[in-house]
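Please open the model in your viewer, with the cartoon shown and the side chains at hand. The tour below moves from one selection to the next and says what is found at each stop.

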Amino acid sequence: WPMAAGQSMRERFRARMAEKQKEAAGDPGAISIDVNGLKRSFFVHVPSGVGKNPGAVLVFHGAGGNGKRMLHNSPMVAASDVGHFISVFPNGVDGSWTDGRIATREGQNDVEFVQRLIERLHKDYGVDMARIYATGISNGAMFTYKLACDIPQLIHAIAPVAGNMAEAVVQACHPK
């Protein structure tokens, strides 16, 4: 993977992550939705034997990752098979989530993406709106805190892994 003239390692990394995101988003197994003119995507695992109005767990990848990789490498698929809930693996833009840290504030509106994703899950799979949960690792974990604070009416519990709550989220977080 050659580096363009004058391209820094950071720029090279970002370009490579953007390529990986496009690959994952263009996957025929990905479900796409439009959020303010931006095509966003996610993967859904529906276990056999899932009943009517199942619960759902949203699984957020860490920085540099994507939903497809989480789908194939996460133990959440096996857990959803045993627990009879739907597991969902969204793709962040350029491999990351706008998690509330100063460095991510200028990013896309990932909270709105999750709101639209949940609406789609309810419409297409009959997901019980009172049983939607979120987990994630690293940047994905940090994003789950933001979701719990910004849309507590939709996200009923979180299980962040290896990620802290951003200071700006702590200061602004006052869910009922």
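What follows is a walk through a predicted model, starting with the whole chain and ending with single residues.

**The whole chain**

Begin with the cartoon of the full chain, in which there are six helices and six strands, following one another from the N terminus in the order α-β-β-β-α-α-β-α-β-α-β-α. If you colour by burial, 45% of the 176 residues count as buried. With the surface switched on, the accessible area comes to about 9200 Å², and 55% of that area belongs to carbon and sulfur atoms. Among contacts between residues at least 6 apart in sequence, 68% join residues at least 24 apart.

**The sheet**

Next, select the six strands, which form an open sheet with mixed pairing in the order β1-β2-β4-β3-β5-β6. The edges are held by β1 (31–35) and β6 (157–161), and each of these has a single partner strand, so one side of each is left without a neighbour in the sheet. Looking along the sheet, you will find neighbouring strands turned by 25° against each other on average, if direction is ignored.

Now zoom in on β1 and β2, which pair in the antiparallel sense over five bridges, with Asp34 having Lys39 of β2 as its bridge partner. Two residues lie between the strands of this hairpin, and Asn36, in the loop between β1 and β2, is worth selecting for its backbone. Its phi is near 55°, a positive value in a residue other than glycine, whereas most residues other than glycine have a negative phi. At 59% relative accessibility, Asn36 counts as exposed.

Moving to the other side of β2 (residues 38–45), you reach β4 (residues 86–90), which pairs with β2 in the antiparallel sense over four bridges. Two pairs can be picked out here: His45 has Ser87 of β4 as its bridge partner, and Val44 stands opposite Val88 in β4.

**Helices on the sheet**

Add helix α3 (residues 76–83) to the selection; this helix lies across β2, β3 (56–60), β4 and β5 (132–137), and runs at about 155° to β4. Helix α5 also packs on the sheet, where it touches β3, β5 and β6, and its direction makes about 150° with that of β5.

**The nonpolar cores**

Which residues touch the most other members of the largest nonpolar core? Select Phe42, Leu58, Phe60, Val114, Leu117, Leu147 and Ile155, which do so in a core of 24 residues. At least two residues of this core come from each of β1, β3, β4, α4 (110–125), β5 and α5, and the largest share, six residues, is supplied by α4. Another core, of 10 residues, lies apart from this one and has among its members Phe43, Val57, Met70 and Phe89. In soluble globular proteins, nonpolar side chains tend to be buried together.

To see one member of the largest core in its surroundings, centre on Ile155, which, not counting residues up to four places away in sequence, touches Leu58, Ile118, Ile132, Ala134 and Leu147.

**The disulfide**

Then display the cysteine side chains, because a search of the whole structure finds one disulfide, and Cys149 lies in helix α5 (residues 139–150) while Cys173 lies in the segment after α6 (167–172), so this pair ties together parts that are 24 residues apart in sequence. The sulfur atoms of Cys149 and Cys173 are 1.9 Å apart, and the link is left-handed, with -90° about the S-S bond. Both Cys149 and Cys173 are buried.

**Two loop residues**

For the last stops, select Asn53 in the loop between β2 and β3. At 37% relative accessibility, Asn53 counts as partly exposed. Leaving aside neighbours within four places in sequence, Asn53 is in contact with Gly126, Asp128 and Arg131, and the C-alpha atoms of Asn53 and Tyr125 are 7.6 Å apart, although these two residues are 72 apart in sequence.

Finally, go to Ala162 in the loop between β6 and α6, where phi is near 60°, again a positive value in a residue other than glycine. Ala162 is exposed, with a relative accessible area of 65%.

Key: Residues numbered from 1 in each chain as written. Predicted model: local features only at pLDDT ≥ 70, side-chain atom pairs only at ≥ 80, totals over all residues. Heavy atoms only, no water. Disulfide = S-S within 2.5 Å. Buried < 20%, exposed > 50% of the residue type's maximum accessible area, 1.4 Å probe, protein only. Pairing = 2+ DSSP bridges. Axes fitted to C-alpha atoms, helices over the stretch in contact; angles between N-to-C directions. Contact = heavy atoms within 4.5 Å. Core = buried A, V, L, I, M, F, W, Y, C linked by side-chain atoms within 4.5 Å. Areas by Shrake-Rupley, 256 points an atom, 1.4 Å probe, with all protein chains shown as cover.
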